[in-house]
Amino acid sequence: MNLSIFIWIPMIGFLVSLILPKKNETLISATAFGTLGIQLASAIIFAVIWVFQGAEPIQVNDIILFKNEEYVFQIDFLLDYISAVYLLVGALLTFMVTLYSRYYLHREAGYKRFFNTTLFFYVGYCFATLSGNLETLFIGWEILGISSFLLISFYRERYLPVKNAVKVFSIYRIGDVGLILAMWASHHLWGQNITFSQLNNAELVHEHLMTHSAIGIFISAMFLLSASAKSAQMPFSSWLPRAMEGPTPSSAIFYGSLSVHIGVFLLLRTFPFWEFQTSVRMAIAFMGASTMLIATGIARVQSSVKSQIAYASIAQIGIIFIEVSLGFEKLALFHFAGNAFLRTYQLLVSPSVVSYLIREQFYSFIPRLKTLEDRFPKKWQYSMYLLCLKEWNLDSMMYQYLWNPLKWFGHKIKFLNARGLLFIFIPLYFVGIYLQAKMDLLTRPWVEFLPITFSLIGLVMVFKSFTQRRSIRVSWLLVIMNHFWISLAISFNEQYDSTETWLYLSGIVVFGIVGYWCLQRLFTQEGKITLQRFHGLSEAHPKIAFVFLLACLGLTGFPISPTFVGEDLIFSHIHEDQFVLAAFVSFSFILDGLAVIRIYARVFMGPYYKTHADFSSRYF
Amino acid sequence: MSEKFNEQEVIHHLKHFLPAQAPLMDFVHHNTLHAFQHLPFHEALETAHVKLGYQVYFPLDKFRALHADGRISDEIIQRVLLEKLGAEEAETWKGKMLYAHYDKVAHPRVGALRGQWKKQYNIDLDSLVHPTLFRLLGSFLDQGISIWNFPIDGKSFLEALRELEQNSWVSIFQSQKTRGYLLNPLLKISDLLRILVGKNEALHEQYLYDQQFAHQGWSGMVSVVEDLPQTLLDTRIIKLEDLILVELLLEIDALDYKLAGEWQALEQGIREFIPKFHDPIEPSEELKVLSLWQESFEWSYYDQVLKGIQMERIEKVATHQKSFQGLFCIDDRECSFRRYLENLDPSCDTYGTPGFFGVEFFYQPVGGKFYSKLCPAPITPKFLIKEVGSEKMLGKDLHFSKHSHHFLKGWLFSQTLGFWSAVKLFANIFRPSMSPATASSLQHMDKISSLRVDFDALDAQENGLQLGFKTDEMANRVEGVLKSIGLVENFAPIVYVVGHGASSVNNPHYAAYDCGACSGRAGSVNARVLSQMANKPEVRAILKERGIDIPIKTIFVGALHDTTRDDIVFYDDQLDSDEYINLHAAHEITFRKALDLNAKERSRRFESIDTRKSPAEIHEKIRVRSVSIFEPRPELNHATNALCLVGRRELSKGLFLDRRSFMNSFDYQVDPDGTYLFNILKAAAPVCGGINLEYYFSRVDGERLGAGTKLPHNVMGLFGVANGIDGDLRPGLPSQMTEVHDPVRLLLMVEHFPEVVLSTIQKAPETYEWFIHDWVKLVVIHPENKSLYVFKEGYFKPYTPLTKDIQEVGDLDALLVSNQENFPVYLINQN
């Protein structure tokens, strides 16, 4: 039996749900829980048969998306006990929560959108957990990221959900790039794209790592970075409670359980790779342990029920990290399932906490209940309390070390006028192309120097796009230009097939034009709008909003556009010793995702600018 | 420019504007715009709109759609225009109502001054200050969510923060400078305002309004806890002043940090005109058009009701043996239940009176550590009633255990309980049932326990409250209730006193579903207390002297109606003889049937229930619904309420009012000079009016005056809900409670002579304010000829309905299944 059926079932369900009439709640919810019901039933039957047949791992090489002599991009699936557990837990929880939401969301304006996004999320979940290689995992990973963004910002007409959705998306973006860099390095390590089942071949792995221990550590570090970003481990923990902005069932299932355990999945999946790297195992255990301690402390002082559950869940995931690092895979899986169920249920019944605890308080109130911490010396006690209350400054640290340097740099390049950038660098780009064509004439240092320069120019473009507030169209064009510069930079690297560039740029061009056209249309109807504030236009222009969202996805290399394969391909041409180039390019990828999402959020989300004054209260 | 800033006065005034909603446990409905109640209704609404940016009416499009659907009648519009503007202007304004276009951008006064930070420095103070501020407040006020409580006990918010700062290596603030400010005990608000806003004191007050209305939910909560510390079981000392001081410090700190000290007081950079908050407002055309629509919308409905009352022809049936009598709460949810009882047993009588049944006291159940107040919120009782019996077993649910949040115990929990959660979730989705998580109306008092109602000189006092009632105190209360509803003769063998409560799960607003006259608790204890009092021979002896002769054969029985589940529990321990037991058994069948039918009538509003099924089947579904964790609408509570009838039951017995009416029984013959009427109106105007206006404002502005959709709500410290973890508290009602509500003011109809009513309402200024400023519309029905008088500008003026005819419905069943929307008024039971 082909594993891709578990992708196709939710995929078809998702596509069907897109075309259903918005008003027909029964049909929409029936499609959702029907899809999940079929998925759950077939997964159970499949798993039972599979176990009876000996539970041998199944590796399926499915579709080859792109292929040349040295590079293959293919969709692979793998079923072993890890993916089986994730598949079953995911199907069961999502099935129950869709049933739950069927009544819970009744009459909600975004009823259809909720089920669309949930199904989309679930497609991504299945892609990721059934993936047989990093490329397939990455597809799922990307879908999870964007659907999380949409679920958190479900109440898109409000300020906080949108703000937090962008925040979470930016952390996810770090995880994405960790994965891209891991893919890049492993491509060089193996000389090919490797499947997960090949990773299980201990000898093969050992043999490769013997000779390339540094790159091996780099890959493991990137896995760990991705896993900890996605699973809200230190220092990324503060995104999880802030993701609880959507309707309670979506918070419960995605941020309480499935989404946060994907990082654990990545570690379980890549375990054979770093099994013999003691330093990596220690790093994972250390990260898990520190998260466990800190998150527990934070959970203890939370006065809101959802943030308390979120931090408690993070602490458990910390323990799961330790379990994985110690090699207790089965225990980790068991723990994952238990934690996922527990937190989902706790979040779902969290509104009951008022009547339950007040009743308990009414009958068994003890003034000033002593806690562990009362035994600490006063100064320790107070300091720890404040530190935990401020979440160890984790959230402000994200600002300090992530946003502030960006803003600082953006400030430094203020002299570069955005429009000017376009006018100077478009001609310059043609000079670049000319140079590339005449590459044979260039001396060696030039060939090394030019790609880095060009990728830096690309980076500056996207920087400007991300930090400038005036013109939306210029921001959009700068993102497009960034991609052009990157492809130019890479093309210096070696003689390669120009079709690869076209593959990469075709998506950019098509989606770039579509997006530009959307903005143009919006301008003719709304007049000039800037990036200074949120405009909340999705209600007034739902169609443009949808098409523009697609354009954004295409432009950021989402798996609907050939750019997705192209991105990976481009990376495969960066040599393993070109760390600077790899850093610039991956940094560009982080930023262009953020820049594009920022444009989308500012234009289409947030309070509607015609009914809300700029300064009106936003913290409701 | 030398307006003096008087700190105490400004804060006192500011507190008046803030939301006044108590913590969730004590949810009591009130007029959301109470701060504007001294103004006439439409003027008040416009003021609130201009100053605070609230939406105060339905949007124009919505009114036009209602007009197109025929829900707002042309004739009524015409009359409203004629009355308000005269014949000359009527035509132009009608044009404006139908076709004018108004730009939507709202620029409320509040927020404009503080918004200058963003304009001048491009800095978003809210996002820098609010999360820390809310965190501190939430942790300080927390009633039991956190595991590690705020470490300092018994001190005020400000003192506690000072102590925390003094003894910690970690600071709340970024800079030592602000830390130093906090530690200075002489620190004053005005000093900080001078730093932030500047020397111009005229701006100081406005700045504080802007600041506090950027998070009106938290400020309102602090203000309520300041005034009523006992509203939190675990009390806290906090003042709005403290909150403002800390917030100002956080603002200075954030500005210093973000702008590296390069900023000046706000007044320096103001380049535009900022309207003053307290200046008189300019009337706007749009608001006037909306107010005209509002009047037309209201009168389109009122007119039918009034016509219906004139048309229905049910006469008081000649005295004969009554089978039973029932006292119910005036609550609009009891309306249809009473109708079904009367239909099933035509020789019964039902009465309505506020659900605390005239007995006000604190109540302490067995094992309870606190007292709960069981009477309307403004009353402070002097009595305490204790439950006597064995200790209750509290159901436990480990999912709420805080141990699961500790990492080691959590490890054990998730490996064990975790899998049980999956089973529980499955069960909860497919077979919902009662669980310890459910807030059930029955939890309030054990059915098998008893209450100590009698005063005992040997054990007279507890904490300043008198234990139990003395005989004459009982007699006064029983007399008061019976005379106010007009039940003074012709007693049936059994008189039921039916309190009400509600059951729901996963519902932080559970207290709003219970009886408002019992401060958001179930009315079972009050029903039982009144019954016990009325059954005492000593009490009856006194009553007899005062003209109420309750025969020996009559017995009072307490009961509780669960409005969510449509279940009833009788506290029938006082029925001792077989005769009564048999009689009661027969009535109990009537009650159960009536409840099945009532469940059916309610079910028409529920999407998930097919109203065509049999009453018993539907009733079962309704019960399941009340314990379903995925059901955000266990019942619709007071949604659609619009009317309040004070008069005899015969006045509306022949009308189908679609559960939209509060009903207070009253017999003008028993009370010719309006003594009891005064008491009724004194309670009905604020209670029913408060409920009505809370629904009104939560419906028209769910964003700022209501709590928005409840689906993303996060419980804060057990006292409030917010969206997400950094949001402002959301007072008001969630949209799930109000979405079917038509925002119309309460039409209070009193059956008495106009001159008596006029002198009655003028007795107390606080009651009169409701009528003279039109927050409640008052109509008098002449008891002899049913002619109508509307209260307008201090006088009763005759009223003739424009509605020509009211349709009669024979088959109510067919009507109920026909649609989910609000029905017009119909005549029923006209034989």
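**Exercise 1.** In this predicted model, determine how H5(A) and H6(A) are oriented relative to each other.

*Solution.* H5(A) and H6(A) are roughly antiparallel to each other. To see the reasoning, consider the axes of helix H5 (residues 134-152) and helix H6 (residues 159-190) of chain A, which come within 8 Å and cross at roughly 175°. Angles over 145 degrees count as roughly antiparallel, so the assignment follows. Next, identify the residues in contact: H5(A) contributes, among them, A:Phe138, A:Trp141 and A:Phe149, while H6(A) contributes residues including A:Val168, A:Phe169 and A:Leu179. Finally, by class, this contact has 13 nonpolar, four polar and two charged residues.

**Exercise 2.** State which strands stand at the edges of the open sheet in chain B.

*Solution.* Begin with the order of the six strands, S14-S12-S17-S18-S19-S20, in which the pairing is mixed. Strand S14 (661-665) and strand S20 (795-799) each have a single partner strand, so one side of each is left without a neighbour in the sheet. The twist from one strand to the next averages 25°.

**Exercise 3.** Determine in which sense S17 and S18 of chain B pair.

*Solution.* Strand S17 (residues 746-751) and strand S18 (residues 776-781) pair in the parallel sense, over six bridges. As an example, B:Met749 has B:Val779 in S18(B) as its bridge partner.

**Exercise 4.** Find which helix gives the most to the side of chain A that touches chain B.

*Solution.* First, note that 85 residues of chain A are in contact with 96 residues of chain B. Several helices of chain A each supply at least two residues to this side, including H3, H6 and H13. H16(A) gives the most, with eleven residues. By class, the residues on this side of chain A divide into 44 nonpolar, 26 polar and 15 charged.

Methods: Residues numbered from 1 in each chain as written. Chains lettered and ligands numbered in written order. Predicted model: local features only at pLDDT ≥ 70, side-chain atom pairs only at ≥ 80, totals over all residues. Axes fitted to C-alpha atoms, helices over the stretch in contact; angles between N-to-C directions. Helix = DSSP H or I, 4+ residues; strand = E, 2+ residues; numbered from the N terminus. Parallel < 35°, antiparallel > 145°, perpendicular 65-115°, else oblique. Contact = placed C-beta atoms within 7 Å. Nonpolar A, V, L, I, M, F, W, Y, C, P; charged D, E, K, R; others polar. Pairing = 2+ DSSP bridges.
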